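Here are my notes on this two-chain complex, set out as numbered points. Please keep the structure open beside them as you read.

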Amino acid sequence: MTHLLYIVASYGLTIVVVGWLAVGSFLRTRRARERLAKIDPRGNR
Amino acid sequence: MGIVNIAPAPSTAGRSLHRFANPGRFLRLSGRILPYVAIIGLVVTLAGLYWGLALSPADWQQGDAVRIMYVHVPAAWLASFGYAMLAACSIASLVWRHPLADLAAAEIGPVGAAFTALCLATGSLWGKPMWGAWWVWDARMTSVLVLFFLYCGHVALVRAFDDQQRGYRAGAILALVGVVNLPIIKFSVNWWNTLHQPASITLSGAPSMAPAMLWPLLLCAVGGMFGFAAIVTARTRAAVMERRIRALTLAQIRGAEA
(Lines give C-alpha, C1' and ligand atoms only; values in the text may rest on other atoms or scores of the structure.)
Protein backbone atom coordinates (compact mmCIF):
# COMPACT_ATOMS: atom_id res chain seq x y z
CA MET A 1 0.00 0.00 0.00
CA THR A 2 1.44 3.39 -1.00
CA HIS A 3 1.44 6.42 1.33
CA LEU A 4 0.63 4.15 4.26
CA LEU A 5 1.78 6.65 6.89
CA TYR A 6 -0.59 9.36 5.64
CA ILE A 7 -3.51 6.94 5.42
CA VAL A 8 -2.92 5.57 8.94
CA ALA A 9 -2.58 9.13 10.32
CA SER A 10 -5.86 10.21 8.64
CA TYR A 11 -7.88 7.23 9.86
CA GLY A 12 -6.25 7.33 13.30
CA LEU A 13 -7.07 11.03 13.70
CA THR A 14 -10.65 10.43 12.60
CA ILE A 15 -11.11 7.57 15.08
CA VAL A 16 -9.61 9.64 17.93
CA VAL A 17 -11.70 12.78 17.22
CA VAL A 18 -15.03 11.00 16.58
CA GLY A 19 -14.41 8.56 19.45
CA TRP A 20 -13.60 11.44 21.80
CA LEU A 21 -16.83 13.24 20.78
CA ALA A 22 -18.95 10.08 21.09
CA VAL A 23 -17.52 8.86 24.41
CA GLY A 24 -17.52 12.42 25.81
CA SER A 25 -21.20 12.95 24.96
CA PHE A 26 -22.12 9.52 26.37
CA LEU A 27 -20.30 10.17 29.66
CA ARG A 28 -21.73 13.68 29.94
CA THR A 29 -25.28 12.38 29.41
CA ARG A 30 -24.79 9.61 31.99
CA ARG A 31 -23.32 12.04 34.55
CA ALA A 32 -26.20 14.50 34.02
CA ARG A 33 -28.79 11.72 34.30
CA GLU A 34 -27.28 10.48 37.57
CA ARG A 35 -27.10 13.98 39.06
CA LEU A 36 -30.66 14.74 37.99
CA ALA A 37 -31.87 11.45 39.48
CA LYS A 38 -30.37 12.46 42.85
CA ILE A 39 -31.99 15.90 42.84
CA ASP A 40 -35.29 15.07 41.17
CA PRO A 41 -36.18 11.37 40.72
CA ARG A 42 -39.01 12.34 38.29
CA GLY A 43 -36.46 14.00 36.02
CA ASN A 44 -34.60 10.74 35.39
CA ARG A 45 -36.04 9.94 32.01
CA MET B 1 -69.36 44.60 22.98
CA GLY B 2 -67.02 41.63 23.17
CA ILE B 3 -63.25 41.85 22.98
CA VAL B 4 -61.92 41.00 19.55
CA ASN B 5 -58.66 39.03 19.50
CA ILE B 6 -56.51 40.67 16.85
CA ALA B 7 -53.32 38.73 17.68
CA PRO B 8 -52.11 36.74 14.68
CA ALA B 9 -52.51 33.00 14.97
CA PRO B 10 -49.17 31.20 15.37
CA SER B 11 -47.87 29.82 12.09
CA THR B 12 -48.07 26.09 11.35
CA ALA B 13 -44.26 25.87 11.39
CA GLY B 14 -44.12 27.65 14.73
CA ARG B 15 -46.82 25.38 16.24
CA SER B 16 -45.16 22.14 15.11
CA LEU B 17 -41.76 23.42 16.29
CA HIS B 18 -43.12 24.30 19.72
CA ARG B 19 -44.59 20.81 20.14
CA PHE B 20 -40.96 19.74 20.69
CA ALA B 21 -40.05 22.73 22.87
CA ASN B 22 -41.11 20.81 25.97
CA PRO B 23 -37.84 19.47 27.45
CA GLY B 24 -39.56 16.42 28.94
CA ARG B 25 -41.05 15.47 25.58
CA PHE B 26 -37.70 16.02 23.88
CA LEU B 27 -35.91 13.80 26.42
CA ARG B 28 -38.48 11.01 26.05
CA LEU B 29 -38.54 11.12 22.23
CA SER B 30 -34.77 11.50 21.75
CA GLY B 31 -34.10 8.79 24.36
CA ARG B 32 -36.13 6.35 22.27
CA ILE B 33 -34.58 7.32 18.91
CA LEU B 34 -30.95 7.91 19.92
CA PRO B 35 -29.77 4.27 20.27
CA TYR B 36 -31.04 3.41 16.76
CA VAL B 37 -29.44 6.53 15.22
CA ALA B 38 -26.12 5.77 16.95
CA ILE B 39 -26.11 2.09 15.95
CA ILE B 40 -27.05 2.88 12.32
CA GLY B 41 -24.29 5.52 12.22
CA LEU B 42 -21.67 3.14 13.63
CA VAL B 43 -22.57 0.14 11.45
CA VAL B 44 -22.92 2.11 8.19
CA THR B 45 -19.68 4.06 8.79
CA LEU B 46 -17.70 0.91 9.64
CA ALA B 47 -19.10 -0.83 6.54
CA GLY B 48 -18.14 2.17 4.38
CA LEU B 49 -14.64 2.41 5.87
CA TYR B 50 -14.03 -1.34 5.41
CA TRP B 51 -15.24 -1.13 1.80
CA GLY B 52 -13.09 1.93 1.18
CA LEU B 53 -9.96 0.56 2.82
CA ALA B 54 -10.06 -3.10 1.82
CA LEU B 55 -12.31 -3.58 -1.21
CA SER B 56 -12.26 -0.39 -3.31
CA PRO B 57 -9.46 -0.03 -5.88
CA ALA B 58 -6.51 2.35 -5.64
CA ASP B 59 -6.57 5.39 -7.90
CA TRP B 60 -4.48 5.14 -11.09
CA GLN B 61 -2.83 8.51 -10.36
CA GLN B 62 -2.96 8.90 -6.58
CA GLY B 63 -2.43 5.29 -5.61
CA ASP B 64 -3.71 4.29 -2.17
CA ALA B 65 -3.64 7.89 -0.91
CA VAL B 66 -7.11 8.21 -2.47
CA ARG B 67 -8.42 6.19 0.50
CA ILE B 68 -8.03 9.33 2.64
CA MET B 69 -11.06 10.55 0.67
CA TYR B 70 -13.34 8.22 2.69
CA VAL B 71 -12.67 10.20 5.87
CA HIS B 72 -11.85 13.63 4.40
CA VAL B 73 -14.91 14.15 2.17
CA PRO B 74 -17.55 13.06 4.76
CA ALA B 75 -15.83 15.32 7.34
CA ALA B 76 -16.01 18.22 4.85
CA TRP B 77 -19.71 17.57 4.07
CA LEU B 78 -20.53 17.27 7.78
CA ALA B 79 -18.69 20.52 8.54
CA SER B 80 -20.95 22.39 6.09
CA PHE B 81 -24.06 20.37 7.04
CA GLY B 82 -23.42 21.13 10.73
CA TYR B 83 -23.16 24.84 10.00
CA ALA B 84 -26.44 24.74 8.04
CA MET B 85 -28.05 23.06 11.08
CA LEU B 86 -26.51 25.72 13.33
CA ALA B 87 -28.06 28.42 11.13
CA ALA B 88 -31.46 26.64 11.15
CA CYS B 89 -31.36 26.48 14.97
CA SER B 90 -30.40 30.16 15.04
CA ILE B 91 -33.45 31.06 12.92
CA ALA B 92 -35.68 28.95 15.21
CA SER B 93 -34.15 30.75 18.19
CA LEU B 94 -34.44 34.30 16.84
CA VAL B 95 -37.84 33.96 15.12
CA TRP B 96 -39.76 31.51 17.34
CA ARG B 97 -37.73 31.81 20.58
CA HIS B 98 -37.49 28.02 20.58
CA PRO B 99 -35.74 27.11 23.87
CA LEU B 100 -34.28 23.83 22.60
CA ALA B 101 -32.90 25.55 19.49
CA ASP B 102 -30.55 27.61 21.68
CA LEU B 103 -29.27 24.50 23.45
CA ALA B 104 -28.94 22.54 20.19
CA ALA B 105 -27.02 25.41 18.55
CA ALA B 106 -24.65 25.61 21.51
CA GLU B 107 -24.00 21.86 21.19
CA ILE B 108 -23.64 21.81 17.39
CA GLY B 109 -20.83 24.42 17.61
CA PRO B 110 -18.08 22.28 19.19
CA VAL B 111 -19.05 19.18 17.17
CA GLY B 112 -19.00 21.14 13.91
CA ALA B 113 -15.67 22.72 14.85
CA ALA B 114 -14.22 19.24 15.51
CA PHE B 115 -15.40 17.93 12.12
CA THR B 116 -14.06 21.05 10.36
CA ALA B 117 -10.68 20.60 12.08
CA LEU B 118 -10.77 16.95 11.02
CA CYS B 119 -11.50 17.98 7.43
CA LEU B 120 -8.57 20.43 7.44
CA ALA B 121 -6.18 17.93 9.06
CA THR B 122 -7.05 15.01 6.77
CA GLY B 123 -6.92 17.42 3.81
CA SER B 124 -3.36 18.34 4.80
CA LEU B 125 -2.47 14.65 5.14
CA TRP B 126 -3.86 14.08 1.64
CA GLY B 127 -2.30 17.24 0.20
CA LYS B 128 1.26 16.56 1.34
CA PRO B 129 1.85 13.38 -0.72
CA MET B 130 -0.26 14.61 -3.70
CA TRP B 131 0.67 18.31 -3.98
CA GLY B 132 3.91 18.31 -2.01
CA ALA B 133 2.51 20.84 0.50
CA TRP B 134 0.67 20.56 3.80
CA TRP B 135 -1.20 23.79 3.13
CA VAL B 136 -1.78 26.32 0.36
CA TRP B 137 -3.88 29.47 0.63
CA ASP B 138 -6.29 28.48 -2.12
CA ALA B 139 -9.95 29.48 -2.05
CA ARG B 140 -11.40 26.14 -0.93
CA MET B 141 -9.01 25.60 1.96
CA THR B 142 -9.12 29.21 3.09
CA SER B 143 -12.94 29.27 3.09
CA VAL B 144 -13.02 26.04 5.14
CA LEU B 145 -10.53 27.61 7.56
CA VAL B 146 -12.91 30.60 7.82
CA LEU B 147 -15.70 28.09 8.60
CA PHE B 148 -13.56 26.70 11.43
CA PHE B 149 -13.05 30.22 12.82
CA LEU B 150 -16.81 30.87 12.58
CA TYR B 151 -17.49 27.73 14.61
CA CYS B 152 -14.84 28.75 17.19
CA GLY B 153 -16.34 32.26 17.34
CA HIS B 154 -19.80 30.79 17.94
CA VAL B 155 -18.50 28.48 20.69
CA ALA B 156 -16.75 31.41 22.41
CA LEU B 157 -19.63 33.87 21.96
CA VAL B 158 -22.41 31.72 23.46
CA ARG B 159 -20.25 31.24 26.57
CA ALA B 160 -19.00 34.83 26.80
CA PHE B 161 -21.97 36.42 28.63
CA ASP B 162 -23.14 36.07 32.23
CA ASP B 163 -26.67 36.26 30.85
CA GLN B 164 -26.97 33.04 28.85
CA GLN B 165 -29.80 34.38 26.67
CA ARG B 166 -27.60 37.25 25.45
CA GLY B 167 -24.91 34.71 24.54
CA TYR B 168 -27.41 32.61 22.58
CA ARG B 169 -28.70 35.73 20.78
CA ALA B 170 -25.18 36.92 19.85
CA GLY B 171 -24.20 33.40 18.72
CA ALA B 172 -27.34 33.12 16.58
CA ILE B 173 -26.59 36.42 14.83
CA LEU B 174 -22.98 35.36 14.16
CA ALA B 175 -24.19 31.99 12.83
CA LEU B 176 -26.60 33.68 10.40
CA VAL B 177 -23.99 36.17 9.19
CA GLY B 178 -21.55 33.28 8.62
CA VAL B 179 -23.99 31.39 6.39
CA VAL B 180 -22.66 33.45 3.48
CA ASN B 181 -19.50 31.32 3.73
CA LEU B 182 -21.32 28.08 2.79
CA PRO B 183 -21.90 28.90 -0.91
CA ILE B 184 -18.36 30.32 -1.03
CA ILE B 185 -17.01 26.94 0.16
CA LYS B 186 -19.23 25.05 -2.32
CA PHE B 187 -18.47 27.16 -5.39
CA SER B 188 -14.91 28.25 -4.56
CA VAL B 189 -13.49 25.57 -6.84
CA ASN B 190 -15.60 26.91 -9.74
CA TRP B 191 -15.18 30.64 -9.09
CA TRP B 192 -11.41 30.64 -8.65
CA ASN B 193 -8.46 28.67 -9.96
CA THR B 194 -7.67 26.39 -7.06
CA LEU B 195 -5.27 23.58 -6.37
CA HIS B 196 -8.21 21.72 -4.85
CA GLN B 197 -10.06 19.57 -7.37
CA PRO B 198 -13.65 20.46 -8.40
CA ALA B 199 -16.61 18.49 -7.03
CA SER B 200 -16.80 14.88 -8.24
CA ILE B 201 -20.44 14.53 -7.15
CA THR B 202 -23.05 17.12 -8.16
CA LEU B 203 -26.84 17.21 -7.93
CA SER B 204 -27.21 18.09 -11.61
CA GLY B 205 -24.90 15.60 -13.30
CA ALA B 206 -23.58 12.08 -13.12
CA PRO B 207 -20.70 11.58 -10.66
CA SER B 208 -17.24 11.60 -12.24
CA MET B 209 -16.13 8.78 -9.96
CA ALA B 210 -16.06 5.02 -10.38
CA PRO B 211 -18.97 3.26 -8.57
CA ALA B 212 -16.43 1.13 -6.69
CA MET B 213 -15.23 4.34 -5.00
CA LEU B 214 -18.55 6.20 -4.98
CA TRP B 215 -20.53 3.66 -2.93
CA PRO B 216 -18.11 3.41 0.03
CA LEU B 217 -17.85 7.20 0.01
CA LEU B 218 -21.65 7.56 0.17
CA LEU B 219 -21.83 4.93 2.93
CA CYS B 220 -19.22 6.83 4.97
CA ALA B 221 -21.10 10.09 4.40
CA VAL B 222 -24.51 8.66 5.39
CA GLY B 223 -23.00 6.87 8.40
CA GLY B 224 -21.19 10.05 9.40
CA MET B 225 -24.48 11.99 9.13
CA PHE B 226 -26.17 9.58 11.54
CA GLY B 227 -23.13 9.70 13.84
CA PHE B 228 -23.14 13.52 13.81
CA ALA B 229 -26.87 13.54 14.59
CA ALA B 230 -26.38 11.03 17.43
CA ILE B 231 -23.54 13.02 19.02
CA VAL B 232 -25.43 16.34 18.81
CA THR B 233 -28.63 14.74 20.16
CA ALA B 234 -26.76 13.15 23.09
CA ARG B 235 -25.06 16.46 23.91
CA THR B 236 -28.36 18.36 23.67
CA ARG B 237 -30.00 15.80 26.00
CA ALA B 238 -27.16 16.35 28.49
CA ALA B 239 -27.56 20.13 28.16
CA VAL B 240 -31.32 19.90 28.85
CA MET B 241 -30.67 17.81 31.97
CA GLU B 242 -27.86 20.13 33.13
CA ARG B 243 -30.19 23.13 32.77
CA ARG B 244 -32.81 21.35 34.87
CA ILE B 245 -30.15 20.51 37.50
CA ARG B 246 -29.11 24.20 37.65
CA ALA B 247 -32.72 25.34 38.01
CA LEU B 248 -33.48 22.80 40.75
CA THR B 249 -30.25 23.57 42.64
CA LEU B 250 -31.00 27.31 42.53
CA ALA B 251 -34.56 26.65 43.76
CA GLN B 252 -33.19 24.55 46.64
CA ILE B 253 -30.70 27.29 47.61
CA ARG B 254 -33.41 29.97 47.51
CA GLY B 255 -35.73 27.71 49.51
CA ALA B 256 -33.04 27.21 52.16
CA GLU B 257 -32.36 30.96 52.33
CA ALA B 258 -36.06 31.89 52.69
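1. Let me start with helix α5 of chain B. With 20 residues at 1.5 Å each, α5(B) should span 28 Å, and its end C-alpha atoms are indeed 28 Å apart, so the two agree. The expected span here is 1.5 Å times one less than the number of residues. Helices (H or I, at least four residues) and strands (E, at least two) are DSSP runs, numbered from the N terminus. The buried residues of α5(B) are B:R140, B:M141, B:S143, B:V144, B:L147, B:L150, B:Y151, B:H154, B:L157 and B:V158. By "buried" I mean that 20 or more other C-beta atoms lie within 10 Å of the residue's own; with 12 or fewer it is exposed, and in between it is partly exposed, the C-beta atoms being placed from the backbone. The cover over these residues includes α3, α4, α6 and α7 of chain B.

2. A word on provenance and numbering. This is a predicted model: local features need pLDDT of at least 70 and side-chain atom pairs count only at pLDDT 80 or more, while totals for chains, interfaces and linings use all residues. Residues are numbered from 1 along each chain as its sequence is written, and chains are lettered from A and ligands numbered from 1 in the order in which they are written.

3. On confidence, the predictor gives the complex an ipTM of 0.90 and a pTM of 0.89. Chain B averages a pLDDT (the predictor's confidence in each residue, from 0 to 100) of 89, and 91% of its residues score at least 70. Over residues 1–8 of chain B, though, the pLDDT is below 50, and this stretch has 0 contacts in the model beyond near neighbours in sequence. Two residues are in contact if their C-beta atoms, placed from the backbone, lie within 7 Å. Among the elements of chain B, helix α1 (residues 12–18) has the lowest mean pLDDT, 58, and helix α5 (residues 139–158) the highest, 96.

4. Now the overall build. Chain B has 8 helices and 0 strands, and its C-alpha atoms fill a box of roughly 80 × 45 × 35 Å along the principal axes. Buried residues make up 38% of its 258 residues. Of the chain B contacts between residues at least 6 apart in sequence, 77% join residues at least 24 apart. Chain A has 1 helix and 0 strands, and its C-alpha atoms fill a box of roughly 55 × 10 × 5 Å along the principal axes. Of its 45 residues, 27% count as buried.

5. How many residues does each chain bring to the contact? Chain A gives 26 residues and chain B gives 31. The side of chain A that touches chain B divides into 14 nonpolar, 7 polar and 5 charged residues. Here Ala, Val, Leu, Ile, Met, Phe, Trp, Tyr, Cys and Pro count as nonpolar, Asp, Glu, Lys and Arg as charged, and the others, Gly among them, as polar.

6. The largest nonpolar core has 70 residues, and B:A79 and B:A105 have the most contacts inside it. Such a core is a set of buried Ala, Val, Leu, Ile, Met, Phe, Trp, Tyr and Cys residues joined through C-beta atoms within 7 Å. Among the elements that each supply at least two residues of this core are α1 of chain A and α8 of chain B. Leaving aside neighbours within four places in sequence, the contacts of B:A105 include B:L86, B:G171 and B:A175.

7. In α6(B), the buried residues are B:Y168, B:G171, B:A172, B:A175 and B:G178. Seen down the helix axis, they fall within an arc of 130 degrees, so they line one face of α6(B). The arc is that of the directions from the helix axis to the C-beta atoms. These residues pack against α3, α4, α5 and α7 of chain B.

8. Two residues of helix α8 of chain B deserve a look. B:G223 sits in this helix and counts as buried because it has 21 C-beta neighbours inside 10 Å. B:G223 and B:G41 are 182 residues apart in sequence but 4.2 Å apart in space, C-alpha to C-alpha. B:F228 is also in α8 and is buried, with 27 other C-beta atoms within 10 Å. Leaving aside neighbours within four places in sequence, B:F228 is in contact with B:L78, B:G82 and B:V111.

9. Finally, please check B:R97, in the loop between α3 and α4 of chain B. Its phi is near 55 degrees, a positive value in a residue other than glycine. B:R97 is partly exposed, with 13 other C-beta atoms within 10 Å.
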